[in-house]
Structures are given as structure tokens and as C-alpha cells.
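Colleague: Please take me closely through one part of this model, a loop and what lies around it, and then set that part beside a few other features. I would like one connected account rather than a list.

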Amino acid sequence: MKIHLFSILCLDENEYPDLNLYRHFIDYYKKLGIHSNNFTIIPCGVDKYEKNLKQFQKINTANGIPSRNLISKKYDIVEANNILLKWQTTLPKEDWVLFPDQDEFNDYGHFNNIPDCVKFLEKNNYYALEGDFEDRVARDLILHKVQYPENLFEQFPKGVQLTKGIIHASWKKILLSKAKIELRIGHHFVVWNSKKEQPAALNEIKCSKQYWEYPPVPTPNVYESNFKVYHFKWTESLIHRLKNPNKHKDLYNMFNEDRKKTNEIITGNKFNIIIC
């Protein structure tokens with residue numbers, strides 16, 4: 001049984017990939033017990049990505065992470081999910097997977113590492129672990145550039161509820177799941193098989209009305225925790241993305257309302273709201 005991490009990173013120049021944050025991302029999950037050869041990080045890009053690709057490959061090589069071929073496409077969440085599902089079908093069903101974006105740093109509570117958490121989930125017949133977002137922001141509320149190797153949590157020490165309380169986006173996240181079950185696009189919930197009253201097996205339910213049904217609460221076979229996904233979205237890279245709406249219409253075409261609310265709370269390089 002292995003534990004795999006899967007993610008896709010767009011390297012186009014006008015997507016402003018934060019490779020310092022990516023360095024922190026790799027360090028963080030390696031310390032939590034993900035072996036280098038179990039990282040599957042797929043690069044994508046179509047426009048002036050070459051410089052970022054070389055740096056990305058250099059980081060991976062230094063960390064013993066396998067190189068993956070670049071996908072010559074703009075990032076699209078539906079296409080990314082299709083790629084993920086295709087990859088997931090190649091895994092043994094009893095393996096475990098996590099799907100964090102590069103700005104998502106999963107916390108596994110009182111467990112020392114992810115393998116210890118998996119032992120608990122296996123012992124108690126859980127198929128997935130659910131947590132929720134905690135946005136991390138700088139003390140002075142400025143969207144700073146991420147520095148490396150300086151401590152990331154000291155750079156953004158305030159834990160706040162922007163995703164849930166201001167943006168009103170999905171704040172739940174599956175932190176870990178069996179390879180044999182399917183997560184909904186975005187990895188916020190398991191796909192629920194209401195006829196069998198259990199998490200759906202991979203590719204068991206196609207994208208339909210049933211696919212979008214919310215699972216019951218509490219959800220059988222899902223360990224619902226207060227573990228956090230530390231969300232390092234609120235950095236300098238976000239400012240650049242917000243300044244280039246036309247360049248980012250593909251990336252954000254499913255998130256127009258999120259984008260609008262994000263723009264409303266940022267002026268220049270700083271939050272314009274009171275954050276306690």
C-alpha cells in the first residue's frame with residue numbers, strides 16, 4: 001500500500017506560478033511522509049512557459065521527484081479532473097491519494113505524519129478524511145511575495161476564514177482518500193452513490209444529477225475532522241492574476257463570482273477589510 005500525491009501546475013508566464021511556494025509545498029509534504037517517487041506533479045502550459053518549466057524541473061530533480069511530460073494546454077478544472085481520473089485508474093485500489101493544489105497545505109492534526117493517519121483510517125474502515133480551509137494571511141494584511149526558505153507560516157501567520165466567510169466558496173476539502181473511490185471535481189466531497197448509500201467507486205457514476213448529489217452528514221466511511229487545509233492563496237501572485245482578467249478568463253471561467261468577491265476585498269496589494 002502506497003500514499004500518492006497528485007497535482008497539476010500551470011507554468012504559463014501570465015499565470016504567475018509561484019515556484020517559491022512550490023518549493024515549500026514539496027518540503028512540507030515530504031516531511032509529512034510522502035516519498036519523492038510518489039509525487040505526480042504534472043506541468044501544463046501554452047504561452048512562455050519555458051523558463052518556469054526549467055526551474056520547475058530543477059526543483060523536482062533536486063528533490064528526487066519524477067519528471068512528467070508537459071501538457072500543452074491551458075489549465076482547465078474539468079480537463080484537469082479527467083487527467084486525474086485517468087491516472088487514478090492506474091493505482092492499486094487500496095492505495096491512498098491526496099490532491100492538494102500548490103497553495104494547499106493539509107494538516108493531519110494529532111497524527112505525526114500521513115502514514116500514521118492512514119493506519120487510523122484503515123483500522124476504522126474509513127475511505128476518506130475530510131477537513132476544512134483556513135486561509136493564511138500576513139500580519140500587516142499585505143499580499144507579500146513568498147520567500148524561500150524562510151518559514152512559510154511565519155510569513156503568513158494569521159489564520160482566517162475568507163474562503164468560507166467572505167468569498168462563500170466551498171470550504172470543505174478531502175485531505176486523503178482511497179484510490180478506489182471518486183471525489184467530486186474540486187475534491188471537496190466524495191461522489192455519493194445514493195442507491196448503495198456509500199461513497200461511489202471510481203467511474204461508477206458519470207457526471208449527472210446523481211454525481212452532484214451531496215453526501216449525507218455524517219457521511220458513512222468518511223472521517224469528518226477539524227483538520228485544516230492551510231490556504232496560502234493570499235500572496236503577491238494573486239495580485240498579478242487579478243490585474244489580468246482577460247489573460248485569466250480560461251482559468252477563472254468557472255469562478256466568476258469568487259473572482260468578483262476577491263477583487264472587492266483587495267485594493268492594490270492589501271486587504272481593504274478588517275481582519276481580526
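Modeller: Helices and strands are here DSSP runs, of at least four residues in H or I for a helix and at least two in E for a strand, numbered from the N terminus. The model is a predicted one, and with those names the loop to begin with is the one between β1 (3-10) and α1, where Tyr16 lies. Tyr16 is not a glycine, yet has a positive phi of about 50°. In general, most residues other than glycine have a negative phi.

Tyr16 also belongs to the surroundings of an open space, since Tyr16, Pro17, Asp18, Leu19 and Asn52 are the residues nearest the centre of the second largest pocket, which has 15 lining residues. The volume of this pocket is about 420 Å³, and its lining takes at least two residues from each of α1, α2 and α7 (236-243). Sorted by class, that lining holds six charged, five polar and four nonpolar residues.

Two of those helices also pack against each other: the axes of α1 (residues 19-31) and α2 (residues 50-62) come within 11 Å and cross at roughly 20°. Because angles under 35 degrees count as roughly parallel, that crossing angle makes α1 roughly parallel to α2. The crossing of the two helices is right-handed. On the α1 side the contact is made by Leu19, Tyr22 and Arg23, and on the α2 side by Asn52, Gln55, Phe56, Ile59 and Asn60; by class, these contact residues are four nonpolar, three polar and one charged. Leu19 and Asn52, which help to make this contact, are also among the residues nearest the centre of the second largest pocket.

An enclosed space can be set beside that pocket. The structure holds one cavity of 30 Å³ or more, and about 60 Å³ of space lies in the largest cavity. Its lining is made up of Ile8, Cys44, Ile71, Lys73, Lys74, Tyr75, Asp76, Glu79, Ala80 and Ile83, with helix α3 (residues 77-88) giving the most, three residues. That lining divides into six nonpolar and four charged residues, with no polar ones.

The backbone has two further features to set beside the positive phi of Tyr16. Most peptide bonds are trans. Tyr148 and Pro149, however, are joined by a cis peptide bond with omega of about 15°, and Pro149 is placed in the loop between β5 (128-137) and α5 (152-155). The bond from Val217 to Pro218 is likewise cis, with omega near -5°, and Pro218 has its place in the loop between β9 (198-199) and β10 (222-231).

How values were computed: Residues numbered from 1 in each chain as written. Predicted model: local features only at pLDDT ≥ 70, side-chain atom pairs only at ≥ 80, totals over all residues. Heavy atoms only, no water. Axes fitted to C-alpha atoms, helices over the stretch in contact; angles between N-to-C directions. Parallel < 35°, antiparallel > 145°, perpendicular 65-115°, else oblique. Left-handed = near helix turned anticlockwise from the far one by under 90°. Contact = heavy atoms within 4.5 Å. Nonpolar A, V, L, I, M, F, W, Y, C, P; charged D, E, K, R; others polar. 1 Å grid on protein atoms, 1.4 Å probe; cavity = no way out; pocket = protein on both sides within 12 Å on 5 of 7 lines; lining within 4 Å. Points joined across faces, edges and corners; volume = space filled by probe spheres on them.
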